[in-house]
Amino acid sequence: MSAESVLQAAVLANLRAVAGLNGVYVGPPVRATPPFAELGELIAVDWGAKDRAGRELRVLVTLRDAGETAVRLAALAASVGAAIEALPRDLTG
């Protein structure tokens, strides 16, 4: 398994546990009921040095809502942010 697929699976699992989301999708869904989250492309950048390997992975998460209040979207964004920050620092695989 690549680092990208391990991270993507972990992010999906944590986001699917966020209350208030009607779904979490990899890329734009064909049909979905807002509010939902889209997991975008993962960007991998090599930052290794002579004495160690290194890779930075960036995750894009987009929240989609149907014109609800900004307060609700802010609360949902905070929950999604907390779910991402709760990821373990050492992922298996």
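Here are some notes on the sheet and the salt bridges of this structure, which is a predicted model.

1. Let's start with the sheet. Three strands make it up, in the order 1-2-5, and the sheet is open with mixed pairing. Strand 1 (24-26) and strand 5 sit at the edges with a single partner strand each, so one side of each has no neighbour in the sheet. From one strand to the next, the twist averages 25°.

2. Now for the pairing of strand 1 with strand 2. The two run in the parallel sense, and 3 bridges join them. If you want a spot to look at, find Val24, which stands opposite Ala37 in strand 2. As background, strands of a sheet pair through backbone hydrogen bonds, in either a parallel or an antiparallel way.

3. What lies across the sheet strands? Helix 1 does: it lies across strand 1, strand 2 and strand 5. Against strand 1, helix 1 runs at about 160°.

4. On to the charged pairs. Side chains of opposite charge can pair when their charged atoms come close. The count here comes to 5 salt bridges, and the next points walk through some of them.

5. Take Glu4 and Arg55, which form a salt bridge with their closest N and O atoms 2.9 Å apart. Glu4 belongs to helix 1 (residues 3-16) and Arg55 to strand 4 (residues 55-58), so this pair ties together parts that are 51 residues apart in sequence. Glu4 is partly exposed, at 23% relative accessibility. Arg55 is partly exposed too, with a relative accessible area of 47%.

6. Which residue does Arg64 form a salt bridge with? The partner is Glu38, and the closest N and O atoms are 2.9 Å apart. Arg64 is in strand 5 (residues 61-64) and Glu38 in strand 2 (residues 36-39), so the bridge ties together parts that are 26 residues apart in sequence. Strands 2 and 5 also turn up in the sheet order 1-2-5, so it's worth viewing this pair with the sheet in mind, given that the bridge ties these two strands together.

7. Is Glu38 buried or exposed? Glu38 is buried, because its relative accessible area of 11% falls under the 20% cut-off. Its partner Arg64 comes out as partly exposed, at 39% relative accessibility.

8. One more pair: the side chains of Arg58 and Glu56 meet in a salt bridge, at 2.9 Å from N to O. Arg58 counts as partly exposed at 46% relative accessibility, and Glu56 is partly exposed at 33%.

Technical notes. Residues numbered from 1 in each chain as written. Predicted model: local features only at pLDDT ≥ 70, side-chain atom pairs only at ≥ 80, totals over all residues. Heavy atoms only, no water. Salt bridge = Lys/Arg side-chain N within 4 Å of Asp/Glu carboxyl O. Helix = DSSP H or I, 4+ residues; strand = E, 2+ residues; numbered from the N terminus. Buried < 20%, exposed > 50% of the residue type's maximum accessible area, 1.4 Å probe, protein only. Pairing = 2+ DSSP bridges. Axes fitted to C-alpha atoms, helices over the stretch in contact; angles between N-to-C directions. Contact = heavy atoms within 4.5 Å.
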